[in-house]
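User: Got a model open here and want to go through its pockets and strands. Can you take my questions as they come?

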Amino acid sequence: MIASVRGKVAAVSPDGAVIEVGGVGLAVQCSPHTLAELRVGQEARLATSLVVREDSLTLYGFADDEAKQLFELLQTATGVGPRLAQAVLAVHTPEVVRRAIGAADTSTLTQVPGIGKKGAERLVLELRDKIGALPGSGGSLIAGGAVWHDQVRQALVGLGWNEKQADQAVAAVAEQLDGQTAPAVPVLLKQAIRMLGTIR
């Protein structure tokens, strides 16, 4: 098991990063939240979870151990694989996920692409006793607010665009939404990258 990696960030893409460790470049799948904190050429430390399949070895990376632990816990629920677990963490912070499961807040959980009402109810049923409670209160990172703007902007800058270009792309995506509920951050990031293709 590769529990964590530390090394220079060699490359960043919309879906992951390459971290150089001892002369070896490790491809790590990451959420937009994690990618937004990475800068090419700088050293980074990622908590990691290695998912082994018959035909593949995939390393998933996280900014902290809490996100990694939740990623692994989510996969203990029926029907949840690594891709869906990562999608949950792409939409919500670990704290928001824990609150939603603990409070049986299925509306928050169904904001994740791939999780319907029944899937959300199953997550609550199977994980509520395992998830652990967190004090205080919190809301979705994308529900009706402008927080997704910052996440997408940071991710674009991390991918190599300058701040002006990132701002233009975020503004264009926001204009397309026209007041509608924002989809998941990875979807918005891909839209922004497509916008940049037309802006350039």
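User: Which residues lie nearest the centre of the largest pocket?
Analyst: This is a predicted model, to start with. Nearest the centre are D15, R83, Q86, A87 and P186. They belong to a lining of 22 residues.

User: Which elements give two or more residues to that lining?
Analyst: Three strands and two helices do: strand 3 (24-30), strand 4 (43-53), strand 5 (56-62), helix 3 (82-91) and helix 9 (185-199).

User: Which of them gives the most?
Analyst: Helix 3, with five residues.

User: And how much space lies in the pocket?
Analyst: About 480 Å³.

User: How do the lining residues divide into nonpolar, polar and charged?
Analyst: There are 13 nonpolar residues, five polar and four charged.

User: OK, next pocket. What volume does the second largest one have?
Analyst: About 200 Å³. Its lining has 14 residues. Closest to the centre are H33, D64, A67, T93 and P94.

User: Which elements give two or more residues there?
Analyst: Helix 1 (32-35) and helix 2 (65-74).

User: What about the classes in the lining of the second largest pocket?
Analyst: Six residues are nonpolar, five are polar and three are charged.

User: Switching topic. Where does H92 lie?
Analyst: In the loop between helix 3 and helix 4 (94-102).

User: Does H92 count as buried or exposed, and why?
Analyst: Buried, because its relative accessibility is 0%. The cut-off for buried is under 20%.

User: What lies 2.9 Å from a polar atom of the H92 side chain?
Analyst: The backbone oxygen of T108.

User: Now the strands. In which sense do strand 2 and strand 3 pair, parallel or antiparallel?
Analyst: Antiparallel, over six bridges. Strand 2 covers residues 16-21. One bridge pairs V18 with A27 in strand 3.

User: How many residues sit between the strands in that hairpin?
Analyst: Two. G22 in this hairpin takes a positive phi, near 60°.

User: And strand 3 with strand 5, parallel or antiparallel?
Analyst: Those two run parallel, joined by three bridges. C30 stands opposite G61 in strand 5. So strand 3 pairs antiparallel with strand 2 and parallel with strand 5, as judged from bridges between at least two positions.

User: Back to the pocket, then. Which of these strands also line the largest one?
Analyst: Strand 3 and strand 5 are among the elements that give two or more residues to its lining.

Methods
Residues are numbered from 1 along each chain as its sequence is written. This is a predicted model: local features need pLDDT of at least 70, side-chain atom pairs count only at pLDDT 80 or more; totals for chains, interfaces and linings use all residues. Side-chain values use heavy atoms; hydrogens and water are left out. On a 1 Å grid over the protein atoms alone, a cavity is a set of points where a 1.4 Å probe fits but cannot get out, and a pocket is an open set with protein on both sides within 12 Å along at least five of seven lines; lining residues have an atom within 4 Å of a point. Grid points are joined across faces, edges and corners, and a volume is the space filled by probe spheres set on the points. Helices (H or I, at least four residues) and strands (E, at least two) are DSSP runs, numbered from the N terminus. Ala, Val, Leu, Ile, Met, Phe, Trp, Tyr, Cys and Pro count as nonpolar, Asp, Glu, Lys and Arg as charged, and the others, Gly among them, as polar. Buried means under 20% relative accessible area, exposed over 50%, partly exposed in between (1.4 Å probe, protein chains only). A polar contact is a pair of N or O atoms within 3.5 Å; within protein, one must be able to donate a hydrogen and the other to accept it, and residues adjacent in sequence count only if both atoms are side-chain atoms.
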